[in-house]
Amino acid sequence: MELNLLTIDAARSAIQERKTTSMALVESFYARIQKEDSAIGAYLTLTKERALEQADRMDRLAAEGKPLPPLGGVPVGIKDVMCTRGVRTTAGSKILENFIPPHDCTAVARLESAGAVVLGKLNCDEFAMGSSNENSAFHPVRNPRDLSRVPGGSSGGSAAAVAADMAVVALGSDTGGSIRQPASFCGVVGLMPTYGRVSRYGLIAFASSLDHIGPLTKNVRDAATVLHTIAGRDPMDSTSADVPVPDYVAELEKPVSGLKIGMAEEYFGDGLDAEVRKAVEDAIQRLAKLGCDVVPVSLPHTEYAIPTYYIVATAEASSNLARFDGVRYGYRAKNARTLSDMYRRSRDEGFGTEVKRRIMLGTYALSAGYYDAYYLKAQKVRALLTQDFDEAFKKVDAIVTPTSPTAAFKLGEKANDPLAMYLADIYTVTADLAGIPGISIPCGETREKLPVGLQILGRHFDEATILRLAHAYERSVS
Amino acid sequence: MKVTEKDVAYVADLSNLELTEEERAHMVRDLNSILGYIDMLNRLDTESVDPMAQVSDRYGVDTSKAGGERFAYASRDDILFGLRPSLKREEALANSPDPDETFFRVPKVIER
């Protein structure tokens, strides 16, 4: 079996038609991980027992001639911020190094109910805070396309695993670009659904008004299949929306001709790499040739997105991460004299530098005397950024932009400059703030053979349209 | 410099962090650099803008309904054990760094 050619449908039908078994497929993926992953570092934990049990279930279904579920036997990887019952879940942090959750994340449970085989847990920036995967407390992930470069972050392990054929599909999470930016850097598809589209029950919270779960895949059809599987209301997450889930795969085949796609000059300004610009502009030309109307739109507050994001996200993080205190789970410092000493030292020793920086920034922004100047101000600008999209989507069906201003950068290049690292998310954070869906798909390469990503943003709960556009583009280039 | 060493010590205290001398010095530098950038928000007049705390009260809900009615789908009847039984005690204690058979054990709470 050529692992690099495997998509959801190919894997499922090969098992269904008894050309291979789910067991054999799982074994060949583990053999590949064994061979490749020491250089890449995508996996933190392998879940072989759990995988083989599920594979056996799928093989027995196939042997009995019963139809496999939609992801029957499909090997998947899970970003290690999603809880898995009985399987260590670290969030890329030393503070959770030995944490074994008593529950499954809903998105993971839904994938497994649909037949998917979980191969293991994927490396990420600590608590999903980072744009390069260098903030993992365990080890960085390297970009499979060029091992001297970062895979992006924070879902770097998820993107690298799919790009290096160490999983057919991976789940990631996106708070400021953490699915789309690594997808772009590694040359795979990454979909951030609308806020509320996918339950976050069992996702270790970073910033609750911004956190999303979504798929990283080899093609757009697989992203549609996974979204259809994990989307929809979940009684365990009160923020999951009560909005019907369409058949995203069937919607892919609708024509794109006549769709209006917006191009905002704010996403093509200073700081955009010339090769990335060329690749994205070519992609937009191609969409025009497919019959889309390219319309200029204005998103005038775009430059305020990064400062707004780094107040809102860190404020929420400072509150969410207060729960890590060494009492009920997680790392506890040894020989603390008092309870308060124990809290402080456990957090000091358990959290990494970037996490502490964000807790400090968020606490500062929420502290007496600064709340109005920072947190309230950021919430107001968040409203303006959201209105920009509301206005634009009165004129267009989707907006096309680069996913990231550059292709993958080198390990260490931005590691000592937090502000430079934050600016890597400049084209992705606004969608998180507004809660709209976005997808990144590969659209060519730089001269150094590094992948470039095209980002397509859509209206709230209109993943169908951005998937359709992405699918049409993908088909036109393959 | 907006953020002083004293501010960093105060915010670390609020955050239940101690930080080493070196970390505090870096924090002063980094917070000033980031907050300096964030100051660009002051160029915008937001006097008449309502703050937006979250997305889910505007999209994916029936906005013709007011207040709690809008989120009626997210509530449930108050039933014994809720949607599922609580965790068993052994499970709830399983990840604790220092459990006894009934409780989470912690160091002395009140200092004398």
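## A walk from chain A to chain B

Start in chain A and select A:Tyr364, A:Ala365 and A:Leu366: these residues of H12(A) are in contact with A:Tyr371, A:Tyr374 and A:Tyr375 of H13(A). Colour that patch by residue type and you get six nonpolar residues, with no polar and no charged ones. Keep in mind as you go that this is a predicted model.

Now widen the selection to the whole of both helices. H12(A) covers residues 353–366, and H13(A) covers residues 371–395. Two things describe a packed pair of helices: the angle between the axes and the distance between them. Here the angle is about 105° and the axes are 6 Å apart. Since 65 to 115 degrees counts as roughly perpendicular, H12(A) is roughly perpendicular to H13(A).

Next stop, still in chain A: pick A:Asn320. You'll find A:Asn320 in helix H10 of chain A, which spans residues 305–320. Is A:Asn320 buried or exposed? With a relative accessible area of 10%, A:Asn320 falls under the 20% cut-off, so this residue is buried. To see what surrounds A:Asn320, show A:Ala205, A:Phe206, A:Ala207 and A:Ser208, which A:Asn320 touches once residues up to four places away in sequence are set aside.

Time to hop over to chain B. Before leaving the overview, note that the predictor gives the complex an ipTM of 0.94 and a pTM of 0.97. Colour chain B by confidence: the mean pLDDT is 91, and 97% of the residues of chain B reach 70 or more. Select helix H1 of chain B (residues 5–14) for the highest confidence, at 97, then helix H3 of chain B (residues 89–93) for the lowest, at a mean of 94.

Switch to cartoon view. Which elements does chain B contain? There are three helices and zero strands, giving the order α-α-α from the N terminus on. Chain B is more spread out than a compact globule, because its radius of gyration is 24 Å, well over the 13 Å that the globule rule gives for 112 residues. Draw a box along the principal axes and the C-alpha atoms of chain B fill roughly 55 × 55 × 25 Å.

Last, turn on a surface-accessibility colouring for chain B: buried residues make up 28% of the 112. If you'd rather look at a contact map, take the contacts in chain B between residues at least 6 apart in sequence; 22% of them join residues at least 24 apart.

Technical notes: Residues are numbered from 1 along each chain as its sequence is written. Chains are lettered from A and ligands numbered from 1 in the order in which they are written. This is a predicted model: local features need pLDDT of at least 70, side-chain atom pairs count only at pLDDT 80 or more; totals for chains, interfaces and linings use all residues. Side-chain values use heavy atoms; hydrogens and water are left out. pLDDT is the predictor's confidence in each residue, from 0 to 100. Helices (H or I, at least four residues) and strands (E, at least two) are DSSP runs, numbered from the N terminus. Axes are lines fitted to C-alpha atoms, for helices over the stretch in contact, and angles run from 0 to 180 degrees between N-to-C directions. Angles under 35 degrees count as roughly parallel, over 145 as roughly antiparallel, 65 to 115 as roughly perpendicular and the rest as oblique. Contact means heavy atoms within 4.5 Å. Ala, Val, Leu, Ile, Met, Phe, Trp, Tyr, Cys and Pro count as nonpolar, Asp, Glu, Lys and Arg as charged, and the others, Gly among them, as polar. The radius of gyration is taken over C-alpha atoms; the globule rule is 2.2 Å times the number of residues to the power 0.38. Buried means under 20% relative accessible area, exposed over 50%, partly exposed in between (1.4 Å probe, protein chains only).
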